[in-house]
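I opened this notebook to record what I looked up in one structure. The entries follow the order in which I consulted it.

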Amino acid sequence: MSSPKVPVWVLASVLVCAAVSCVSLLERFKVERHNRSVMIALELESVERIAAAQGLDLADALPRLKEAGLRAIVESEKTVGNLMDEGMVRFSPEEVSDAYHAADGGHAYEISAFDIAQVANALNAQFPGSVTVNPKIKDNGWETAGVEGVQPDVLRSVVVGLRRSMYGTGELHGLEIIARYSNTEGSNPAAIAFLLREAQARYFLPMGDQVLGRRQNIPALIEALRANNMIFANPEFAKMGGIANVLDQAPELTVRLHSAQAAELDKMPDSAAVERYVKAAAERGIRILLLRPLNFSGPAPLDSLAHFVAQVSNGLQREGLGIGPARPYEDPGVPKVVFLGIGLAAAPVLFFVFSSLVSGQKWQLLGGALSLGLGAGAYLDSARPYTALACAVAFPTLAFLILDTRREANPLVSYVHMTVTSLIGGLCVAGLLNGTNYLVVADQFLGVKLAHYLPVALVGFYFLTRLTNARGSLKSAITWNQAVLFVVILGALGLMFLRTGNDNPEAVSGLELKIRSIMETFLVVRPRTKEILFGHPALIIGLFLLAWQTKLGDKGAKLGGWTALALTLGAIGQTSVVNTMCHIHTPLLVSVTRIGVGAVVGGIIGLLLWAAFRGRHQRAQSSN
């Protein structure tokens, strides 16, 4: 395969891509800068229990927590059964007087409460016409009503509202309310509208395995959210039925919420728990932090909780974030013509990469048509993700094709050029996928694994045929060293494949967690592990090997296999650069900073490894 000469029009297209992508991303940057307020929340029942353990009531506890930075209280649903257990509702299953019977007869049951109206309204919302209230029948302040057509066990599960109704709003000291409701059987549109109206809350957080209204009544939930001026809190990493539907239909009503289970927090030191919450807001665009107590016992558990809240609040402010109500992201409002401009500017790059890897006039024509179609498709919402995927594959591959025409270039200069080229590819992806639906993770970058591994495969194939006698190597016997090296590389790639994905927290070892913690302590932003430990160091070594091989001429042919291997592994770092920009929910400045820090740290590690290799090689030669 001959070395392709990169035409000037391809390099011009790269620069135009960068410029037009920045036009799109400027709008996203403005949206992110105007939404820097993070809301710290606690669960009401948890606060009440911890306050009681310190001999305080809620009226004493909430002002202390608010001063520390608390801005919201999460209140969970209350059912008729809960109220019965707390002695606020009485239920008599015996048949009662005709005063409660419906016109068509049948027997009824009796239910009593201090405030029968709320219970009756909840029952009638879920079971229309099931409750008949006779206000004349009272017993020492209790109001009594008859219930028809609802079995006693069903009656206990009916949700009547939030717990706040038991104390009134005055005791919450101006804190925002996050209402939590589960999806119970029979959650019809009337019941959904009643519950959200009754909550008198600013935020709604789903509870259990399904979102309220799942499946057919999701539109009723969204309508009720809009009618009550409520915001949907989307819990990060939650596997809950119906969330995707809400995000798809109403991304403009959504903010993202992060929390940690008590079992997770128990395994962390206090500083790590604080860092977890702060990084969620600073690096992943989370705008509600639901804290859970770190200490359940001690001489002053409420003071300990207030200290935890204050630490998170201070950490957020150090990151330049504000403490206050959470707001949904505004739509960046990028005109479609800008998306079209990015796509058309990228089309020549797509065509050049395709034509450099295949031969034949028919394939060239197919590549041209496909590249033009993908470029023009950026105008359509449905086709734009595929244009972004093509850019994510093409640009890091282009970086290596350009490298092949710069054999005499300084390796460090080539390293910078390649990283910048891959970064521009990432800018194209981020510029194309610029919208509220991506900022709130209603939609995500399409083809994460393909964008990671296809460029690596293409680069490996390209340099294997360019730098080695690939056909001859396939015919020769495999040595044990080659076999072991192949297994090690295959295992490393397999592990990276399992780890690759949008917000994939699995398979992170304890050692890596410690390395991450160290990097977060000493670096502005933690770079991606596969970049600084594998991709970028391998690319540095590959670039120096390539320069060395070029300098040696025919004598450097024996280095071809090792050079091709190092460059192939180096492609991991370049695809990771693009992938960093594919996480649209991560603030733009954080992503760009992470790429810069990763390139510098990974480059330094690569230089140290190359220096060690050259020193050992020179000592071996001098001894011979």
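The entries below go from the whole chain to single strands, helices and residue pairs.

**Entry 1. The chain as a whole**

I note at the outset that this is a predicted model. I looked up the secondary structure and found 24 helices and 13 strands in the protein chain. I then asked what share of the 624 residues is buried. Buried residues make up 51% of them. For the accessible surface of the protein chain I recorded about 28,500 Å², with 59% of that area belonging to carbon and sulfur atoms. I also looked up how far apart in sequence the contacting residues lie. Taking contacts between residues at least 6 apart in sequence, I found that 79% join residues at least 24 apart.

**Entry 2. Strand β2 and its partners**

I turned to strand β2, which covers residues 70–79. I noted that it is mostly covered, since 8 of its 10 residues are buried. Which strands pair with β2, and in which sense? I found three pairings to record.

- Strand β1 (residues 37–43) pairs with β2 in the parallel sense, over 4 bridges. I located Glu43 opposite Val74 of β2.
- Strand β8 (residues 176–181) also pairs with β2 in the parallel sense, over 5 bridges. I found Glu176 of β8 to be the bridge partner of Ala72.
- Strand β7 (residues 159–162) runs antiparallel to β2, and 3 bridges join the two. I found Lys78 opposite Gly161 of β7.

**Entry 3. Leu162 in β7**

I next looked up Leu162, which lies in strand β7. Is Leu162 buried or exposed? Its relative accessible area is 5%, so I entered Leu162 as buried, the cut-off being under 20%. I then examined its distance from Glu77. The two residues are 85 residues apart along the chain, yet their C-alpha atoms are separated by 4.7 Å. Leaving out residues up to four places away in sequence, I listed what Leu162 touches: Glu75, Ser76, Glu77, Lys78, Ile177, Ala179, Arg180, Tyr181 and Ala199. I noted that Glu75, Ser76, Glu77 and Lys78 fall within the residue range of β2, while Ile177, Ala179, Arg180 and Tyr181 fall within that of β8.

**Entry 4. Helix α23**

I compared the length of helix α23 (residues 560–582) with its expected span. At 1.5 Å a residue, its 23 residues should span 33 Å; the end C-alpha atoms are 33 Å apart, so the two values agree. I also noted that α23 is mostly covered, with 19 of its 23 residues buried.

**Entry 5. Helix α24**

I looked up two places in helix α24, which covers residues 588–623. Ser591 lies in this helix. I entered Ser591 as buried because its relative accessibility is 1%. Neighbours within four places in sequence aside, Ser591 is in contact with Thr580, Met581, His583 and Thr586. Thr580 and Met581 fall within the range of α23. Val600 also lies in α24. Together with Ile604 and Leu608, Val600 makes a nonpolar surface patch of about 290 Å².

**Entry 6. Salt bridges**

I recalled that side chains of opposite charge can pair when their charged atoms come close. I counted 16 salt bridges and took three for closer reading.

The first joins Arg28 and Glu32, with the closest N and O atoms 2.9 Å apart. The two residues are 4 apart in helix α1 (residues 8–33), so about one helical turn separates them. Both Arg28 and Glu32 are buried.

The second joins Glu236 and Arg256, at 3.4 Å between the closest N and O atoms. This pair links distant parts of the chain: Glu236 is in the loop between β10 and α9, and Arg256 is in strand β11, 20 residues apart. Both Glu236 and Arg256 are buried.

The third joins the side chains of Arg594 and Glu283, at 2.8 Å from N to O. This pair links helix α24, which holds Arg594, to helix α11 (residues 270–284), which holds Glu283, across 311 residues. Arg594 has 10% relative accessibility and therefore counts as buried; Glu283, with a relative accessible area of 10%, is buried too. I closed the entry with the network in which salt bridges with shared partners join Glu275, Lys279, Glu283, Glu319 and Arg594.

Methods
Residues numbered from 1 in each chain as written. Predicted model: local features only at pLDDT ≥ 70, side-chain atom pairs only at ≥ 80, totals over all residues. Heavy atoms only, no water. Buried < 20%, exposed > 50% of the residue type's maximum accessible area, 1.4 Å probe, protein only. Pairing = 2+ DSSP bridges. Patch = residues over 30% accessible without salt bridge, like charges linked within 9 Å, V, L, I, M, F, W, Y side chains within 5 Å. Areas by Shrake-Rupley, 256 points an atom, 1.4 Å probe, with all protein chains shown as cover. Salt bridge = Lys/Arg side-chain N within 4 Å of Asp/Glu carboxyl O. Contact = heavy atoms within 4.5 Å. Expected span 1.5 Å × (residues − 1).
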